[in-house]
Amino acid sequence: MMNNSHSKGDLVCLPAGVRLFQFGEPTRIDPRESTPSVKKYKDVKKPTNVLLINGGGTYNEVIYQGERWHVFSRDIYPKRLKNEQY
């Protein structure tokens, strides 16, 4: 789980099976709310260290395979060392 010790620029780990999202423009269902629509998603195949570029809230933004992705805060862990298991 993401904890407060992570900040922008940290390497963090995404476990296998985590789903990443790229969002399109928010859709206006109700004038008082805006809901982002999922433009693209990808599942992480194996545990991977990624760069955290924006944190906080429900989602955090990371760089994965050269692209910006959003991931649920609960799915981010401290960086994983080679051969380390969870």
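User: Contact means heavy atoms within 4.5 Å. In this predicted model, what share of the protein chain's contacts with a separation of 6 or more joins residues 24 or more positions apart?

Analyst: The model is predicted. The chain has 0 helices and 7 strands, and its elements run β-β-β-β-β-β-β from the N terminus on. Among contacts with a separation of 6 or more, residues 24 or more positions apart account for 55%.

User: What percentage of the residues in the protein chain is buried?

Analyst: The accessible surface of the chain comes to about 6100 Å², and carbon and sulfur atoms hold 49% of that surface. The chain has 86 residues, and the buried percentage is 28%.

User: Which strands each supply at least two residues of the largest nonpolar core?

Analyst: That core has 12 residues, among them Val12, Leu14, Leu52, Val62, Tyr64, Trp69 and Val71. At least two core residues come from each of strand 1 (11-14), strand 4 (48-54), strand 5 and strand 6.

User: Which residues does Leu20 contact, leaving aside neighbours within four places in sequence?

Analyst: Leu20 belongs to the largest nonpolar core. Its contacts, with those neighbours left aside, are Leu14, Lys40, Tyr41, Lys42, Val44, Tyr64, Trp69, His70 and Val71.

User: Is Gln22 buried or exposed?

Analyst: Gln22 lies in strand 2 (residues 19-27). Buried means under 20% relative accessible area. Gln22 has 11% relative accessibility, so Gln22 counts as buried.

User: Which residue's backbone oxygen does the side chain of Gln22 reach at 2.9 Å?

Analyst: Leaving aside neighbours within four places in sequence, Gln22 is in contact with residues including Ser37, Val38, Glu67 and Trp69. At 2.9 Å, the Gln22 side chain reaches the backbone oxygen of Arg68.

User: What is the approximate phi of Gln65?

Analyst: Gln65 sits in the loop between strand 5 (59-64) and strand 6 (67-72). Its 57% relative accessibility is why Gln65 counts as exposed. Most residues other than glycine have a negative phi. Gln65 is not glycine, yet its phi is positive, near 50°.

User: How far from Asp75 is the nearest side chain of opposite charge?

Analyst: Asp75 is in the loop between strand 6 and strand 7 (77-78). Not counting residues up to four places away in sequence, Asp75 touches Cys13, Leu14, Pro15 and Val18. Asp75 is buried but has no salt bridge. The nearest side chain of opposite charge is Arg74, at 4.0 Å.

Terms used
Residues numbered from 1 in each chain as written. Predicted model: local features only at pLDDT ≥ 70, side-chain atom pairs only at ≥ 80, totals over all residues. Heavy atoms only, no water. Helix = DSSP H or I, 4+ residues; strand = E, 2+ residues; numbered from the N terminus. Buried < 20%, exposed > 50% of the residue type's maximum accessible area, 1.4 Å probe, protein only. Areas by Shrake-Rupley, 256 points an atom, 1.4 Å probe, with all protein chains shown as cover. Polar contact = N/O pair within 3.5 Å; in protein donor to acceptor, adjacent residues only side chain to side chain. Lys, Arg positive; Asp, Glu negative; His and termini not counted. Core = buried A, V, L, I, M, F, W, Y, C linked by side-chain atoms within 4.5 Å.
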